[in-house]
Amino acid sequence: MSLGLLHFDGRVIDDDGRSLLESNDDEELMHVEPGVTVALGFRPMESPGTLYVTSRRVIWLSDADKGKGYAVDFLSLSLHAVSRDLETYPFPCIYTQVFDL
């Protein structure tokens, strides 16, 4: 298992034009959430994409830039907080904690 946030370019498109995720192991897709923007640290917010939660990774793939995506392997994933305070961040958002090795 790799540590930290990684660039993800394992996008495979099925016959219906949907993204599939390459996996060599018994990884199971648990949830798909379209229309998700990602903000990493103090970097500008990414354009909308699709968030995939599998049994082993969190993956975000850009809808606008088909070569852009991020993945994080995890041991545990938990919702940390929901923020609607627009003074803290300009949009409502969810903070998560990703626990890796």
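**Exercise 1. Decide whether Ile94 is buried, partly exposed or exposed, and describe its surroundings in this predicted model.**

Solution.
Step 1. Ile94 has a relative accessible area of 57%. The cut-off for exposed is over 50%. Ile94 is therefore exposed.
Step 2. Find Ile94 in the chain: this residue belongs to strand β9, which covers residues 93-99.
Step 3. List its contacts, leaving out residues up to four places away in sequence: Ile94 touches Leu79, Ala81 and Val82.
Step 4. Check a distance between C-alpha atoms. Ile94 and Ser83 are 11 residues apart along the chain, and their C-alpha atoms are separated by 6.2 Å.

**Exercise 2. State which residues lie nearest the centre of the largest pocket, and which strand gives the most to its lining.**

Solution.
Step 1. The space in the largest pocket is about 1,200 Å³.
Step 2. Its lining is made of 34 residues. Thr37, Val38, Ala39, Ile94 and Thr96 are the ones nearest the centre. Ile94, the exposed residue of the previous exercise, is thus among those residues nearest the centre of the pocket.
Step 3. Turn to the strands. At least two lining residues come from each of β4, β5 (49-54), β6 (57-62), β7, β8 (76-83) and β9.
Step 4. The most is given by β9, with 5 residues.

**Exercise 3. Classify Met45 by its accessibility and list the residues it touches.**

Solution.
Step 1. Met45 sits in the loop between β4 and β5.
Step 2. The relative accessible area of Met45 is 31%. Values under 20% count as buried and values over 50% as exposed. Met45 falls in between, so this residue is partly exposed.
Step 3. Not counting residues up to four places away in sequence, Met45 touches Thr37, Val38, Tyr89 and Phe91. Thr37 and Val38 also appear among the residues nearest the centre of the largest pocket.

**Exercise 4. Decide whether Glu27 is buried or exposed, and find the polar contacts of its side chain.**

Solution.
Step 1. Glu27 is in the loop between β3 (19-21) and β4.
Step 2. Its relative accessibility is 18%. The cut-off for buried is under 20%, so Glu27 counts as buried.
Step 3. One polar contact of the Glu27 side chain is with the side chain of Thr54, at 2.5 Å.
Step 4. Another polar contact, of 2.7 Å, joins the side chains of Glu27 and Arg57.

**Exercise 5. Give the strand order of the open sheet of 5 strands and explain why one side of β1 and of β4 has no neighbour in the sheet.**

Solution.
Step 1. The order is β1-β7-β6-β5-β4, and the pairing is antiparallel.
Step 2. β1 (5-7) and β4 (29-36) stand at the edges, and each has a single partner strand. One side of each is therefore left without a neighbour in the sheet.
Step 3. From one strand to the next, the twist averages 20°.
Step 4. Look at one pair. β1 pairs with β7 (residues 69-73) in the antiparallel sense, over 3 bridges. Within this pair, Leu5 has Val72 in β7 as its bridge partner.

**Exercise 6. Summarise the protein chain as a whole.**

Solution.
Step 1. Count the elements: the chain has 0 helices and 9 strands. The pattern along the sequence is β-β-β-β-β-β-β-β-β.
Step 2. The chain has 101 residues, of which 28% count as buried.
Step 3. Take the contacts between residues at least 6 apart in sequence: 39% of them join residues at least 24 apart.

Notes
Residues are numbered from 1 along each chain as its sequence is written. This is a predicted model: local features need pLDDT of at least 70, side-chain atom pairs count only at pLDDT 80 or more; totals for chains, interfaces and linings use all residues. Side-chain values use heavy atoms; hydrogens and water are left out. Two strands pair if DSSP finds at least two bridges between them. Helices (H or I, at least four residues) and strands (E, at least two) are DSSP runs, numbered from the N terminus. Axes are lines fitted to C-alpha atoms, for helices over the stretch in contact, and angles run from 0 to 180 degrees between N-to-C directions. Buried means under 20% relative accessible area, exposed over 50%, partly exposed in between (1.4 Å probe, protein chains only). Contact means heavy atoms within 4.5 Å. A polar contact is a pair of N or O atoms within 3.5 Å; within protein, one must be able to donate a hydrogen and the other to accept it, and residues adjacent in sequence count only if both atoms are side-chain atoms. On a 1 Å grid over the protein atoms alone, a cavity is a set of points where a 1.4 Å probe fits but cannot get out, and a pocket is an open set with protein on both sides within 12 Å along at least five of seven lines; lining residues have an atom within 4 Å of a point. Grid points are joined across faces, edges and corners, and a volume is the space filled by probe spheres set on the points.
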